[in-house]
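Work through the exercises below with the sequence and the structure side by side. Try each task before reading its solution.

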Amino acid sequence: MNDFEKIYLSWRPGDRKRRHIVGVLEHHPDNRYTFNYEISGVEEAKKEGFTPYTEFTDITKTYNGNVLDVFAQRLIKSERRDVQSFYDFWEIEPQFVNDKFYLLGHTQGLLPTDNFEFLAEYIPFSGLHFLTDLAGVNRHKLPANSVAPLNELRYELDKDNPYYPFAVKVYKDDIELGYIKKVHSKLFYNAGEKKIKLTVKAIDQNGFIKRIFVKVSL
């Protein structure tokens, strides 16, 4: 079973800013890939300085053809000496190292040079697991070592959140850490009776905690 069929393009103007969902990359049953902009998200993002992706400037057009290859340019090069460490961190299964769509969704296509992220809309099934970094961590100014790798976390559905209908808060005991990222959080609403486990994977800290990567498992 595929982990996901859609990857949403997220953009924000900078750290500590809200994410805007500005597009969607979709894998179709006939093995085609298409990309469309989410017009409402684009219009909101434009107020904060958003400009369309360089290769896809027409926000009204459905893009076909080489869309996956364009976005896959963000992926780590297979010839890099540290490529296996990268795969190990993101827990990429060996049979998927050449699957560009899988890699883009599971690693979020993150680059230090822009503010785009690629957020997969995961399908809930037993055995699913993926990594995500929590949103809103910086706001809490959590002291270093407030959480540690392998800590188990808990979550609460924040159904009354005024900014996002699928918001999910994450806690270590009674300490609020942040939120599950947009799009990734939909899984928590769609999982039904399936039990979701959250485990700390890694932490970026220097006096205060800056980022928390968590493993989401069903």
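**Exercise 1. Find the bridge partner of Leu-153 in E9, then trace the pairing outward**.

Step 1. Leu-198 is the residue in E9 that bridges to Leu-153. Helices (H or I, at least four residues) and strands (E, at least two) are DSSP runs, numbered from the N terminus. The model is predicted: local features need pLDDT of at least 70, side-chain atom pairs count only at pLDDT 80 or more, and totals for chains, interfaces and linings use all residues. Residues are numbered from 1 along each chain as its sequence is written, and side-chain values use heavy atoms, with hydrogens and water left out.

Step 2. Strand E9 (residues 197-206) is antiparallel to E6, and two bridges join them. Two strands count as paired if DSSP finds at least two bridges between them.

Step 3. Move on to E10. Nine bridges link E9 and E10, again antiparallel. Lys-197 lies opposite Ser-217 in E10.

Step 4. Check the turn. One residue separates the strands in the E9 and E10 hairpin, where Gly-207 has a positive phi near 85°.

**Exercise 2. Which residues does Leu-218 touch, beyond those up to four places away in sequence**?

Step 1. Locate Leu-218 in the segment after E10.

Step 2. List the contacts (heavy atoms within 4.5 Å). Leu-218 touches Pro-124, Phe-125, Ser-126, Gly-127, Leu-128, Leu-187, Lys-194, Lys-195 and Ile-196.

Step 3. Take one partner, Lys-195. Its C-alpha atom is 6.1 Å from that of Leu-218, although their positions lie 23 residues apart along the chain count.

**Exercise 3. Why is strand E7 largely enclosed by the rest of the structure**?

Step 1. Count the buried residues (under 20% relative accessible area; exposed is over 50%, partly exposed in between; 1.4 Å probe, protein chains only). E7 (residues 168-172) is largely enclosed because four of its five residues are buried.

Step 2. Pair E7 with strand E6 (residues 152-157). Four bridges hold this antiparallel pair. Tyr-155 faces Val-170 in E7.

Step 3. Pair E7 with strand E8 (residues 175-179). Here too there are four bridges, and the strands run antiparallel. Lys-169 is opposite Tyr-179 in E8.

Step 4. Inspect the E7 and E8 hairpin. Two residues lie between the strands, and Asp-173 takes a positive phi near 55°.

**Exercise 4. Which residues of helix H3 are buried, and what covers them**?

Step 1. In H3 (residues 83-90), the buried residues are Val-83, Tyr-87 and Trp-90. Their arc around the axis is only 70°, which means that they sit on the same side of H3. The arc is taken from the directions from the helix axis to the C-beta atoms.

Step 2. Find the cover. It includes helix H4 (100-107), strand E5 (129-133) and strand E10 (208-217).

Step 3. Look past the helix end. Glu-91 follows H3 with a positive phi near 55°.

**Exercise 5. In what order do the strands of the four-stranded open sheet lie**?

Step 1. The order is E3-E2-E1-E4, with antiparallel pairing. Strand E3 (33-37) and strand E4 (116-122) are the edges, each pairing on one side only.

Step 2. Examine one pair. Strand E1 (residues 4-11) and strand E2 (residues 20-27) are antiparallel and share six bridges. Lys-6 stands across from Glu-26 in E2.

Step 3. Add the helix H1 (residues 39-46). H1 packs on the sheet and touches E1, E2 and E3.

Methods: Axes fitted to C-alpha atoms, helices over the stretch in contact; angles between N-to-C directions.
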